[in-house]
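Visitor: I am new to this structure and would like to learn how to read it. Could you walk me through it?

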Amino acid sequence: ADVRMRSMPFVLGLEHCWRGPRFEVAGGLLVLAEARHAEATAGQSTRSDWTFVPGGGLSLGLAVRLGQGVRLSLQAAAIGLPWSSRYRVDGVTVFNASRLEIPVDLALDIEI
């Protein structure tokens with residue numbers, strides 16, 4: 001089976017940030033919607049379709065100031081996509097779109 005998928009996420013978040021002299025902690029809620037295009041091929045059959053997948057979850061971020069104008073941050077979220085689709089071709093599940101996404105971002109910010 002051959003599967004190709006494109007995903008276009010739309011994210012809306014509401015966070016609260018607590019700042020100290022060197023550290024920052026942020027937490028909040030996320031609402032996610034993904035427009036997905038999938039094309040699955042198995043044998044002689046091909047299936048192609050668009051889906052719109054809503055979801056929601058929580059985010060947590062931590063940051064530390066390493067020096068004047070230098071900041072290291074880590075942001076993670078757990079996003080549930082309960083209405084995510086399974087793609088079937090010839091009666092076989094060829095792709096199970098994730099029902100839980102955990103994006104993680106690590107950034108080093110340097111002021112110039």
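Guide: Gladly! Let us begin with a term: two strands pair if DSSP finds at least two bridges between them. Please keep in mind that this is a predicted model.

Visitor: Which residue of β2 stands opposite M8?

Guide: A35 in β2 is the partner facing M8. The strands involved are β1, residues 2-19, and β2, residues 23-42; they run antiparallel and are joined by 18 bridges. A hairpin of 3 residues links β1 to β2.

Visitor: And how should I picture the side chains along a strand?

Guide: As a general idea, side chains in a regular strand alternate between the two faces of the sheet.

Visitor: How many helices and strands does the protein chain have?

Guide: There are 0 helices and 8 strands, so the pattern along the sequence reads β-β-β-β-β-β-β-β, with strands taken as DSSP runs numbered from the N terminus.

Visitor: What percentage of the residues count as buried?

Guide: Buried means under 20% relative accessible area. Here, 29% of the 112 residues in the protein chain fall in that class. The chain exposes about 7500 Å², with 62% of that area supplied by carbon and sulfur atoms.

Visitor: Which residues lie nearest the centre of the largest pocket?

Guide: Those are V11, L30, A77, I79 and P103, out of 13 lining residues. The space in this pocket is about 170 Å³. β4 (70-80), β1 and β2 each give at least two lining residues, and β4 has the largest share, with 4. By type, the lining has 8 nonpolar, 2 polar and 3 charged residues.

Methods:
Residues numbered from 1 in each chain as written. Predicted model: local features only at pLDDT ≥ 70, side-chain atom pairs only at ≥ 80, totals over all residues. Heavy atoms only, no water. Buried < 20%, exposed > 50% of the residue type's maximum accessible area, 1.4 Å probe, protein only. Areas by Shrake-Rupley, 256 points an atom, 1.4 Å probe, with all protein chains shown as cover. 1 Å grid on protein atoms, 1.4 Å probe; cavity = no way out; pocket = protein on both sides within 12 Å on 5 of 7 lines; lining within 4 Å. Points joined across faces, edges and corners; volume = space filled by probe spheres on them. Nonpolar A, V, L, I, M, F, W, Y, C, P; charged D, E, K, R; others polar.
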